[in-house]
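Reader: I am new to this structure. Please take one part of it and look closely, then show me how that part sits among the rest.

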Amino acid sequence: MNLLLTASGLRNETLQDALRDMLGKPFGSANAVYVPTASVAEPGDHGWVVADMNRMYGLGWREFDILELNGLPRTMVLDRLLNADVIHVGGGSHYHLARSITGNGLADGIVEALESRVYVGFSAGSMIFSRHLTAHSADVIGDTADLHALGATTVEPPFGLFDWYLKPHLYSPDFPERDDAWADRIAARADFPVYFLDDESAVRVRGGEVDVVSEGRWRLHP
């Protein structure tokens, strides 16, 4: 399994090179699929989605598909994922994304697809693999309101692959409250490891190996 779990997409050459290395062939010889599902649960201006999609599209794929996880037959969704060499899952509400995967019975099919494909996550798309994606972690992190906004009080982790949790946008100007003091408060409450990533960083998973690829700053609290 090859996962590149970015905080804010493929924003720099180091992250793009990491994807190219994991893919093992030129982008122009590969198919990519972009999944914007998480973004539709977020209100307000969606220029950031357009910017991320354009950044991904601009890498020059042989075929660039856009796929919504809700409202389509399960077999169609999985066939479209299987047609891609790179699956890019965008940002927004990680709770909406997780509930879309579990609610549509997609988790097992996605895991099977990822055995031979490269996954790129952007923010919410990077947060869905932890077994700690629960109502408890929502309380620890301080985003229970985001879960309640969906009319939900619980969330089931769709994959539960990792013991650690990923929290993006450290030091981001778009999230000015996410500074060291913010990370310290979460780390003091968390009973699970947390990666805090700035927008120039990603956690890379290759088989059983986990490391961080970055042109910026990041923190790990065990």
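What follows is a close look at one helix, helix 4, and then at the parts around it.

Reader: Which residues of helix 4 are buried, what do they pack against, and what do the neighbouring parts look like?

Author: This is a predicted model. Start with the whole chain, then move in.

The chain has nine helices and 10 strands. Its C-alpha atoms fill a box of roughly 45 × 35 × 35 Å along the principal axes. A compact globule of 222 residues would have a radius of gyration near 17 Å; this chain has 16 Å, which agrees. Buried residues make up 52% of the 222. Take the contacts with a separation of 6 or more: 76% of them join residues 24 or more positions apart. About 9500 Å² of the chain is exposed, and carbon and sulfur atoms supply 49% of that area. There are 18 positive and 31 negative side chains. The centres of these two sets lie 1 Å apart.

Now helix 4. It spans residues 94-103 and is mostly covered. Seven of its 10 residues are buried. They are H94, Y95, H96, L97, A98, S100 and I101. Several elements pack against these residues. Two are strands: strand 4 and strand 6. The others are helix 5 (107-114), helix 6, helix 7 and helix 8 (144-148). After helix 4 comes G105, with a positive phi near 65°.

One residue of this helix leads outward. H96 is in contact with A41. A41 is found in the loop between strand 2 and helix 2. It also touches S93 and L150, again leaving aside neighbours within four places in sequence. The C-alpha atoms of A41 and G92 are separated by 6.7 Å, though the two are 51 residues apart along the chain. Is A41 buried, exposed or in between? It counts as partly exposed, because its relative accessibility is 28% and buried means under 20%, exposed over 50%.

The loop of A41 leads to helix 2. Helix 2 covers residues 47-57, and V49, D52, M53 and M56 are buried in it. Seen down the axis, these buried residues fall within an arc of 100°, so they line one face of the helix. They pack against strand 2 (31-35), strand 3 (63-66), strand 4 (86-89) and strand 5. Strand 4 thus appears twice: against the buried residues of helix 2 and against those of helix 4.

Next, helix 6, another partner of helix 4. Just ahead of it is S123, in the loop between strand 5 (118-122) and helix 6 (124-127). Phi of S123 is positive, near 55°, and S123 is not a glycine. Most residues other than glycine have a negative phi. S123 is buried, with a relative accessible area of 7%.

Strand 6 and helix 7 also pack against helix 4. Both appear again around helix 9. Helix 9 runs over residues 180-189, and its buried residues are W182, A183 and I186. Down the helix axis they fall within an arc of 95°, so they line one face. R185 and A188 are exposed on the other side. The cover over the buried residues includes helix 7 (135-141), strand 6 (165-167), strand 7 (194-197) and strand 10 (218-221).

Between strand 6 and helix 9 there is a loop, and two of its residues deserve a look. One is R178. R178 counts as buried, at 12% relative accessibility. Residues up to four places away aside, R178 touches K167, P168, H169, L170 and Y171. The other is Y171, in that loop too. Y171 counts as partly exposed, at 24% relative accessibility. Its phi is positive, near 65°, and it is not a glycine.

End at strand 10, part of the cover of helix 9. G216 is found in the loop between strand 9 (209-214) and strand 10. At 35% relative accessibility, G216 counts as partly exposed. Beyond its neighbours within four places in sequence, G216 is in contact with D198, E200 and S201. The C-alpha atoms of G216 and D199 are separated by 7.5 Å, with their positions 17 residues apart along the chain.

Definitions and conventions:
Residues numbered from 1 in each chain as written. Predicted model: local features only at pLDDT ≥ 70, side-chain atom pairs only at ≥ 80, totals over all residues. Heavy atoms only, no water. Helix = DSSP H or I, 4+ residues; strand = E, 2+ residues; numbered from the N terminus. Rg over C-alpha atoms; globule rule 2.2 N^0.38 Å. Buried < 20%, exposed > 50% of the residue type's maximum accessible area, 1.4 Å probe, protein only. Contact = heavy atoms within 4.5 Å. Areas by Shrake-Rupley, 256 points an atom, 1.4 Å probe, with all protein chains shown as cover. Lys, Arg positive; Asp, Glu negative; His and termini not counted. Charge placed at Lys NZ, Arg CZ, Asp CG, Glu CD. Arc of directions from axis to C-beta.
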